Each structure stands twice: as C-alpha cells, then as structure tokens.
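Student: I should like to learn how the features of a protein model are to be read. Please take them one at a time.

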Amino acid sequence: MIRSWWREQRGVLLFLALFGLFRTAVADWNPVPTASMRPTVIEGDVVLVNRLAYQLKLPLSDVVLAQWQEPARGDIVTFGSPADGTRLLKRVVGLPGDRVTLRAGRLSINDVPVPLSEPEWAEEALGPALRGFEQLGARRHALQALPAVPARRDGEWQVPPGHYFMLGDNRDNSHDSRYFGPVPRALLIGRVSRLLASFDPERHYLPRLARLGQALE
C-alpha cells in the first residue's frame, strides 16, 4: 500500500521538494507588511529576492558555502535581524570599514555628506513628510523623513569587517542598524531589485497594476 501511494505521489512530492529547495537557495519572494521602506517599497508590495546575488547558502541555514559578489552601497537587501532573526528589508548604507554618521537626520559616510536633493512636502498617515532623493554610490533613490515622529536622527557607527550598516528609506519610521547595529554578511538573504506584485491593504487587497513588475532603485 505504501509503495502504491509512493508511485502515485512521488511526482508531486519531488516537485514540492525541488520547489522548496529553489525558494531557500535560489530565489524567493517576500510580502512587505511595514512602511519602513516608503516611498520606494510600500505596504502590500511583493518583492523578488535573488538569493544567489552575493553567496550560496546551505538551504534552511545561514551556513555560507561560497561567496562571490560583494553587496554594493545602495543595494536593497533582505536579511535576518541580528536582534531576533526577523526577516527585514532595508538598504545597504555602510560597507565594511565605513564610519556612518547621522546629524539631525542628514547622512554622512566617512565624513562626506551623502548628496540629497531639495526635499518637498507630502502627506503621510503619520503626518507631514519631507521627500527627496539621496545618492548612494551609483544609486539615486527616494527618501522620506517624518519630522513629527520621534526617531533616532543622530549617532555615529563604525562598521566592522564583514558587516553592513542598513537603513530604511522611511528614515523616521524604520527599525534598522541604528537600533540593532551592523549586520553580519552571513545574515544576508539576498538582493531585491524588482517588484513581483502589489496589493492595496486599504482597498481589500486589490492589485495595484501600475506597480506590477516595477524595477526598484
């Protein structure tokens, strides 16, 4: 009876095993439940994660089997929080050896202010927002500040070897390396460069067709 069941189901079981291996070692997708990367990534987005962008890991573990490309400043990445293992989505700001400084919310790296465009006012659920564009390496990306929200806007951090300093694009509403410190490379999961889909939680999760397949900077 067991042999008969196995013959009937082995194709399905093999497919599920290969699918699980693909998701844990090659590519994955992540729904985004928080606002920490607004306005770049918003609640209800589903992002595509390239797990092979930087390294190969033993499936279902943080054991790194091989490394190749280094994360670049400005990359959007997923990683396990050093604090509690929660999967997070943030932007790489500081590389190994960098000194990252925030003064009144203005970012500097190795004492050089990061270029920032003239901000404009916008309305957000948590209050008025200042939005502009920040130039991190080769990447120019949208940035948001919420002046009325209490946040950690000042500090200085030295990034150790083999670690990366992460910040959310929604700087005043993001739990990131300002709170849990630089992230070890082994905790990186993959790089994010594109949306798969987007669903609006305020409209019964209707799809946002305009965001379908959108590239992320």
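The dialogue below treats overall make-up, strand pairing, aromatic pairs, salt bridges and surface.

Student: What conventions apply before we begin?

Tutor: This is a predicted model, in which local features need pLDDT of at least 70, side-chain atom pairs count only at pLDDT 80 or more, and totals for chains, interfaces and linings use all residues. Residues are numbered from 1 along each chain as its sequence is written, and side-chain values use heavy atoms, with hydrogens and water left out.

Student: How many helices and strands does the protein have?

Tutor: Helices (H or I, at least four residues) and strands (E, at least two) are DSSP runs, numbered from the N terminus. The protein has 2 helices and 17 strands. Of its 217 residues, 42% are buried; buried means under 20% relative accessible area, exposed over 50%, and partly exposed in between, with a 1.4 Å probe and protein chains only.

Student: How should I read a sheet, and which strands stand at the edges?

Tutor: Strands of a sheet pair through backbone hydrogen bonds, either parallel or antiparallel. Two strands are taken to pair if DSSP finds at least two bridges between them. Here 4 strands form an open sheet with antiparallel pairing, in the order β9-β8-β7-β13. The edges are β9 (112-113) and β13 (155-158); each has a single partner strand, so one side of each is left without a neighbour in the sheet. Strand β7 (residues 99-103) is joined to β13 over 4 bridges in the antiparallel sense, and Arg99 has Gln158 in β13 as its bridge partner.

Student: How many aromatic pairs does the search find?

Tutor: Rings of Phe, Tyr and Trp (its six-membered ring) pair if their centres lie within 6.5 Å; planes under 30 degrees apart count as stacked, over 60 as edge-to-face and the rest as tilted. The search of the whole structure finds 2 such pairs. Phe79 and Phe180 are edge-to-face, at 6.2 Å centre to centre and 65 degrees between the planes. This pair links distant parts of the chain, 101 residues apart: Phe79 is in strand β5 (residues 76-80) and Phe180 in helix α2 (residues 177-180). Both Phe79 and Phe180 are buried. Trp157 and Phe165 form a tilted pair, with 5.1 Å between centres and 45 degrees between planes; Trp157 and Phe165 are buried.

Student: What does a salt bridge tell me, and where do Glu70 and Arg185 lie?

Tutor: Side chains of opposite charge can pair when their charged atoms come close. The criterion is a side-chain nitrogen of Lys or Arg within 4 Å of a carboxyl oxygen of Asp or Glu. The whole structure contains 20 salt bridges. One of them joins Glu70 and Arg185 at 2.8 Å, N to O. Glu70 is in the loop between β4 (64-67) and β5, and Arg185 in the loop between β15 (183-184) and β16, so the pair ties together parts that are 115 residues apart in sequence.

Student: Are these two residues buried or partly exposed?

Tutor: Glu70 is partly exposed, with a relative accessible area of 46%, whereas Arg185 is buried at 6%. In another salt bridge, Asp176 meets Arg178 with the closest N and O atoms 2.8 Å apart. Asp176 counts as buried at 0% relative accessibility, and Arg178 counts as buried at 3%. Salt bridges that share partners also join Arg38, Glu43, Glu124 and Arg131 into one network.

Student: What is the accessible surface of the protein?

Tutor: Areas come from the Shrake-Rupley method with a 1.4 Å probe; for residues, only the protein chains shown count as cover. The total is about 11700 Å², of which 61% belongs to carbon and sulfur atoms.
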